[in-house]
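This report describes the fold of a single protein chain and then turns to a few of its residues in detail. Please keep the sequence and the model open while reading.

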Amino acid sequence: MIALTEKEEKEFRIAKVCKICLLSFEENEYHCHIAGKYKQCICFKSNFEINNLSFVPFFFHNLSYDSHFIIRELGFDDKNIHVIPNFSEKYISFSKEVAPIFSIKFFDTFRFMASSLSGLAENLLEDKSRFKET
């Protein structure tokens, strides 16, 4: 977790009630598990519920090419597949329910950014060290 500011440290030390469930607690925290930044003082149970994702996203550029193969493989059981079509053969997004409260979602980034990946990469700044995930 990223170090707290003086204001955040003071708030953290004096907090005795969870801001989400309003129950008192002995130990408190809340940080984003992706960015590692401190957010607010809440109990461990509320922190877990906030940070527990209900889906995993998968991003494809020009998903329409591979979507038919993926959907066919996802249809092996009786769980629902939800589709957002662009038109009959091309999809913007689709998702598959894996468990009652968990799903996997597939997104076609080409539907939002209609350019080639090389063209999009050229639009990045010269200082590519700022983009750790690219």
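Helices (H or I, at least four residues) and strands (E, at least two) are DSSP runs, numbered from the N terminus. This is a predicted model, in which local features need pLDDT of at least 70 and side-chain atom pairs count only at pLDDT 80 or more, while totals for chains, interfaces and linings use all residues. Residues are numbered from 1 along each chain as its sequence is written, and side-chain values use heavy atoms, with hydrogens and water left out.

**Overall fold**

The protein chain holds four helices and six strands, and from the N terminus on its elements follow the order α-β-β-α-β-α-β-β-β-α. Of its 134 residues, 24% count as buried, where buried means under 20% relative accessible area, exposed over 50%, and partly exposed in between (1.4 Å probe, protein chains only). The chain exposes about 10,200 Å², of which carbon and sulfur atoms supply 59%; these areas come from the Shrake-Rupley method with a 1.4 Å probe, and for residues only the protein chains shown count as cover. Among contacts (heavy atoms within 4.5 Å) with a separation of 6 or more, 40% are made by residues 24 or more positions apart.

**The sheet**

Two strands pair if DSSP finds at least two bridges between them. On this basis, four strands form an open sheet in the order β3-β6-β5-β4, with mixed pairing. Strands β3 (55-60) and β4 stand at the edges, and because each has a single partner strand, one side of each is left without a neighbour in the sheet. From one strand to the next, the twist averages 10°. Helix α3 packs on this sheet, where it touches β3, β4, β5 and β6, and its direction makes about 20° with that of β5; axes are lines fitted to C-alpha atoms, for helices over the stretch in contact, and angles run from 0 to 180 degrees between N-to-C directions.

Strand β4 (residues 81-87) runs antiparallel to strand β5 (residues 90-99) and is joined to it by six bridges; along this pairing, Pro85 stands opposite Tyr91, and Ile84 has Ser93 as its bridge partner. Strands β5 and β6 also run antiparallel and are joined by six bridges, with Ala99 opposite Phe102, and a hairpin connects β5 to β6 through two residues.

**The nonpolar core**

A nonpolar core is a set of buried Ala, Val, Leu, Ile, Met, Phe, Trp, Tyr and Cys residues joined through side-chain atoms within 4.5 Å. The largest one here has eight residues, namely Leu63, Ile70, Ile71, Leu74, Tyr91, Phe94, Ile104 and Phe106. Helix α3 (67-74), β5 and β6 each supply at least two of its residues, and α3 gives the most, with three. In soluble globular proteins, nonpolar side chains tend to be buried together. One core member, Phe106, is in contact with Phe58, Phe60, Leu63, Ile70, Leu74, Ile92, Ser93 and Phe94, leaving aside neighbours within four places in sequence.

**Selected residues**

The table compares the surroundings of four residues.

| Residue | Location | Relative accessibility |
|---|---|---|
| Asp108 | strand β6 (residues 102-108) | 0%, buried |
| Ser93 | strand β5 | 9%, buried |
| His61 | loop between β3 and α3 | 22%, partly exposed |
| Leu22 | loop between α1 (6-14) and β1 (29-31) | 63%, exposed |

A polar contact is a pair of N or O atoms within 3.5 Å; within protein, one must be able to donate a hydrogen and the other to accept it, and residues adjacent in sequence count only if both atoms are side-chain atoms. For Asp108, a polar side-chain atom lies 3.0 Å from the backbone nitrogen of Phe110, and, not counting residues up to four places away in sequence, Asp108 touches Phe60, His61, Asn62, Leu63, Ser64, Tyr91 and Ile92.

The side chain of Ser93 reaches the backbone oxygen of Phe106 at 3.1 Å. Beyond four places in sequence, Ser93 is in contact with His82, Val83, Ile84, Phe106 and Phe107.

His61 makes a polar contact through its side chain with the side chain of Thr109 (2.7 Å). His61 and Phe110, although 49 residues apart in sequence, are 5.0 Å apart in space, C-alpha to C-alpha. Leaving aside neighbours within four places, the contacts of His61 include Asp108, Thr109, Phe110 and Met113.

Finally, Leu22 has a phi near 65°, a positive value in a residue other than glycine.
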